[in-house]
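Q: I would like a close look at a single part of this protein, not a tour of the whole thing. Please pick one strand, say how it sits among its neighbours, and then place it in the rest of the chain.

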Amino acid sequence: MHIHGLGDCDHTPAHDPRKLRSLGIALVTVAMFSSAELWVSLQSHSLSLLADAGHMVADVFAIAMSLLAAWIAQWPPTERAPFGYRRVEILAALVNGVGLLLIGGWIGLEAIEQLQTPPTEILSGPVAITAAVGLGVNGLNAYLLHRHAESDLNLRGAFLHMIADAASCVGVLLGALVIANFGWLWADGVVGVAIALLILAGAIPLIQQSLTILLEQSPASVETSAIRQALLAYSEVGSVTQLRIWTIAPGQTHLTASLSVTLPSGIQRDILLGKLQEQLRSDFNIVDSTLQMVSAPSVALSTLPDTKIRELIGE
């Protein structure tokens, strides 16, 4: 048996200080504003504003966790952690998703209860002013985080918190304007229900994507059957077994497989291996691949001279 294993496990994206800086700015601004919003919500008797304040308080812990995870993820790989520590960010994304789910559920229940028993008074003026300021704060943070959200699941979780908060502020502001102009106090509860649904809509996909990576399922963007056919398209490859594809972190997919080949020479196998891995990179964007090559029946060891057997096993 001849085994080849090539592929860079260290192609993790380089350290980007903008990620940590954006998260740090978001953490400070959200922590400061959430305290002010919580005080105003208690004074104004607005459930929608209280719900948004509670969400932002939870965001402080969520962003702090994202910041810690982003810092740990940049630790270099070690012998005990050959793939590095990027999975920590996936764990943070999962916790953020579950947190969003719980917050959305709590806001929804409170909003339904308020619809059944509307408050007798809501101070719409302070509510509207606070919501407008909150919209600016969350809009700024969402802008800072959006450049990383597409390729970084951890920052996507923090970004979704900011988007949910910004949308909440829009809803609270509209509700305050409706109450000020028409006196419809029940509008506050309706806004609360809308905020809850928005939060849940963002939380569920985040949880699903995080679990897909943590459970080491094959990524949806990669067709295992297509990869198998691409490998078998080479005449030297007789069969492909133990084909496994999983995601270490977004943008870092790993593949392992055992190939039965009809090439007895180590040099010939090295050339074939280079071709296979180049195709995996160019056609499927898989940079990390470990391919094990074993002799097909046509070149079984029992049919080879003793000198060739010793050459193949390295003696």
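A: The account below follows one strand, S3, outward from its own residues to its partners, to a pocket it helps to line, and to the rest of the fold.

The model is a predicted one. Its protein chain has nine helices and four strands. In sequence order these elements give the pattern β-α-α-α-α-α-α-α-β-β-α-β-α. Of the 315 residues in the chain, 44% are buried.

Strand S3 covers residues 252-261. Because 10 of its 10 residues are buried, the strand is largely enclosed by the rest of the structure. Buried here means under 20% relative accessible area. In a regular strand, side chains alternate between the two faces of the sheet. In S3 both of these faces are covered. One side carries Gln 252, His 254, Thr 256, Ser 258 and Ser 260. The other side carries Thr 253, Leu 255, Ala 257, Leu 259 and Val 261. Every one of these residues is buried.

S3 has a partner in strand S2, residues 237-249, and the two pair in the antiparallel sense over nine bridges. Among the paired positions, Arg 244 is bridged to Thr 256 of S3, and Val 240 is bridged to Leu 259 of S3. S2 and S3 form a hairpin with two residues between the strands, and Gly 251 in this hairpin has a positive phi near 85°. Within S2 itself, Gln 242 also has a positive phi, near 50°, although Gln 242 is not a glycine. Most residues other than glycine have a negative phi.

S3 is also joined to strand S4, residues 288-295, by eight bridges, and these two strands run parallel. Thr 256 has a bridge partner in S4, namely Thr 290. The chain gets from S3 to S4 by way of helix H8, residues 266-284, and this β-α-β crossover is right-handed. Thr 256 is therefore a useful marker within S3: it is buried, it is the bridge partner of Arg 244, and it is also bridged to Thr 290 of S4.

S3 also takes part in the second largest pocket, which holds about 360 Å³ of space. Of the 20 residues in the lining, Pro 219, Ser 221, Thr 247, Gly 251 and Thr 253 are closest to the centre of the pocket. Two of these names have come up already: Thr 253 as a buried residue of S3, and Gly 251 as the hairpin residue with positive phi. The elements that each give two or more residues to this lining are helix H5 (153-182), helix H6 (187-214), S3 and H8. H6 supplies the largest share, three residues. By class, the lining consists of seven nonpolar, nine polar and four charged residues.

H6 leads on to another part of the model. In soluble globular proteins, nonpolar side chains tend to be buried together. The largest nonpolar core of this model has 22 residues, and Ile 107, Leu 153, Val 172, Ile 195 and Ile 199 touch the most other members. At least two residues of this core come from each of helix H2 (47-73), helix H3 (87-116), helix H4 (124-149), H5 and H6. The largest share, seven residues, is again from H6. H5 and H6 thus appear both in this core and in the lining of the second largest pocket.

Past H6, the loop that leads to helix H7 (224-232) contains Glu 216. The phi of Glu 216 is positive, about 55°, although Glu 216 is not a glycine. Glu 216 counts as partly exposed because its relative accessibility is 46%.

Two further residues show how parts distant in sequence come together. Val 88 belongs to helix H3. With a relative accessible area of 25%, Val 88 is partly exposed. The C-alpha atom of Val 88 is 9.4 Å from that of Ala 249, though 161 residues separate the two along the chain. Ala 249 falls within the range of S2, 237-249, the strand that pairs with S3. Leu 174, in helix H5, counts as exposed because its relative accessibility is 52%. The C-alpha atoms of Leu 174 and Ala 128 are separated by 8.0 Å, with the residues 46 apart along the chain.

Key
Residues numbered from 1 in each chain as written. Predicted model: local features only at pLDDT ≥ 70, side-chain atom pairs only at ≥ 80, totals over all residues. Heavy atoms only, no water. Buried < 20%, exposed > 50% of the residue type's maximum accessible area, 1.4 Å probe, protein only. Pairing = 2+ DSSP bridges. Right-handed = clockwise from strand over helix to strand, strands pointing away. 1 Å grid on protein atoms, 1.4 Å probe; cavity = no way out; pocket = protein on both sides within 12 Å on 5 of 7 lines; lining within 4 Å. Points joined across faces, edges and corners; volume = space filled by probe spheres on them. Nonpolar A, V, L, I, M, F, W, Y, C, P; charged D, E, K, R; others polar. Core = buried A, V, L, I, M, F, W, Y, C linked by side-chain atoms within 4.5 Å.
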